[in-house]
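Reader: Could you walk me through this one? I'd like to hear about its domains, its ligand and its core.

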Amino acid sequence: MSEKNLVFRGKSKDVFQITEGPHKDKYKLVFTDRATGYMEDGKPVFDPGYDSVVGEIPGKGAIACRFATYFFKLLQEKGIPSHYIDTISENEMVVEPAEPLSMPVASPDFTGSAPLENLEFTWRNNATGSFWRRYPFVKPCKNLNTLVEAWTKGDVDILITFEALEETGAMRREEINHTIELVKNMAGIVSQEFASKDLHVIDGKFELGRLKYGDGKIVIIDEISPDVLRVCNGYSPDENGDCTVNKDCAVTNYSNGKRTIKNKKQVPAADFTDIFLS
Ligand SMILES: Nc1ncnc2c1ncn2[C@@H]1O[C@H](COP(=O)(O)OP(=O)(O)O)[C@@H](O)[C@H]1O
Ligand SMILES: [Mg+2]
C-alpha cells in the first residue's frame with residue numbers, strides 16, 4: 001500500500017486509508033515490528049513501558065496482531081461492538097475509522113496551550129502499580145472491583161478526573177457513564193478468558209474512540225495489547241476479593257521519597273501470549 005494513503009504513523013503501528021475494494025474507506029492497521037525501550041551502552045533494551053522506539057523485534061507485529069484479533073473476536077462473540085472488522089494478513093487488520101477522544105486547543109495564542117490528543121482508560125481488578133503508588137494507604141492487591149480511570153496520552157500520561165472531562169467539554173456525562181460501563185464489561189470478558197487458563201489479570205488499559213460513520217458510538221479502538229495487561233498466577237482471593245498471597249507476591253519499597261511496587265507472581269507478556277496463540 002502506498003505511503004500516500006498513510007493516515008497516521010504511531011510508535012508501533014501504521015494506519016492507512018483503504019481506497020478500493022470491499023473495505024473501501026475503512027482503515028488498515030499495520031502492526032510493525034518497531035519496539036520501544038531505552039539505550040544502554042549503545043544497545044537497545046526493549047521495554048514496553050518506555051515511549052521511544054529503539055529498534056525492531058522480528059515477529060512482534062504478527063504476535064500483537066494475532067493477540068488483538070483473538071480478543072476482538074471474543075468481544076464480538078459476546079455482542080460488544082468495537083472498531084474491529086477483519087484480519088487480512090498476519091500483521092494487518094481492517095478497522096472502522098474512529099476519532100480518538102480529543103479536544104483542540106481553545107486559545108492557541110497562549111504559550112504552552114496543547115490539544116487533548118486522545119484518552120486511554122485503565123481498569124483495575126486489584127491495587128498495584130501506579131494505583132498503589134498514588135494510594136499507598138491501600139493494601140497491595142486489594143480488590144478494586146474493576147475501577148476505571150481516564151488518562152490523557154502524551155509525552156507523559158496524566159490521570160484526568162471524569163468531572164474534569166465533563167467540565168472541559170471533552171466528553172458528555174452520558175458518554176462518560178457509557179464508557180465506564182463499557183470498559184468494565186470488556187475488562188470482565190478479558191479477565192474471564194484469562195481465568196479460564198488459570199491466570200489472573202490484575203489490571204489493563206484500553207483506548208476508546210468515536211466511530212467516524214454512523215452514530216459516532218464510543219467503542220474500543222487500537223488494539224488489545226499483551227504489553228498493557230498485568231497478569232499473575234496463584235491469585236487466591238478472600239471473601240472480599242482481596243488477594244491473600246500478597247505477602248508472598250507484592251514487594252514494596254520506599255526510598256528518597258519514591259515508592260515502588262512489584263508483583264513477584266507477575267507473568268511476562270511473552271509467556272501468556274504463547275498460551276493464547278499456540
Ligand atoms: N479505528 C481507528 N481509527 C483511527 N485511529 C485509530 C484507530 N485504531 C487505532 N488508531 C490510532 O492508531 C495509532 C496506532 O499506532 P500506535 O503505534 O499504537 O500509536 P501510539 O504511538 O500512539 O501508541 C494510535 O494513535 C491510535 O490512536
Ligand atoms: Mg499504541
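What follows is a short chat in questions and answers.

Author: Quick ground rules: this is a predicted model, where local features need pLDDT of at least 70, side-chain atom pairs count only at pLDDT 80 or more, and totals for chains, interfaces and linings use all residues. Residues are numbered from 1 along each chain as its sequence is written, while chains are lettered from A and ligands numbered from 1 in the order in which they are written.

Reader: How far apart do the C-alpha centres of domain 1 and domain 2 lie?

Author: The assignment gives domain 1 (1-95) and domain 2 (98-104 + 116-278); such bounds come from an automatic or database domain assignment. Across the boundary, 16 residues of domain 1 are in contact (C-beta atoms, placed from the backbone, within 7 Å) with 18 residues of domain 2. The C-alpha centres of the two domains lie apart by 20 Å.

Reader: Where does ligand 1 lie relative to domain 1 and domain 2?

Author: The shell around ligand 1 has 18 residues, and Gly10, Lys11, Lys13, Ala98 and Ile221 come nearest (a residue is near if its C-beta atom, placed from the backbone, lies within 6 Å). Strand 2 (13-17), strand 9 (98-100) and strand 13 each supply at least two shell residues; strands here are DSSP runs of E, at least two residues, and helices runs of H or I, at least four, numbered from the N terminus. Both domains give residues to this shell, so ligand 1 lies between them.

Reader: Which element gives the largest share of the largest nonpolar core?

Author: That core has 18 residues, and Phe121, Val183, Met186, Phe206, Leu208 and Ile220 touch the most other members. A nonpolar core is a set of buried Ala, Val, Leu, Ile, Met, Phe, Trp, Tyr and Cys residues joined through C-beta atoms within 7 Å, and buried means 20 or more other C-beta atoms within 10 Å of a residue's own, against 12 or fewer for exposed and in between for partly exposed, with C-beta atoms placed from the backbone. Strand 10 (119-126), helix 4 (173-195), strand 13 (200-211) and strand 14 (218-220) each give two or more residues. The largest share, four residues, comes from helix 4.

Reader: How far apart are the end C-alpha atoms of helix 4?

Author: Helix 4 has 23 residues, and at 1.5 Å a residue (times one less than the number of residues) they should span 33 Å. The distance between its end C-alpha atoms agrees with that: 33 Å.

Conventions:
Contact = placed C-beta atoms within 7 Å.
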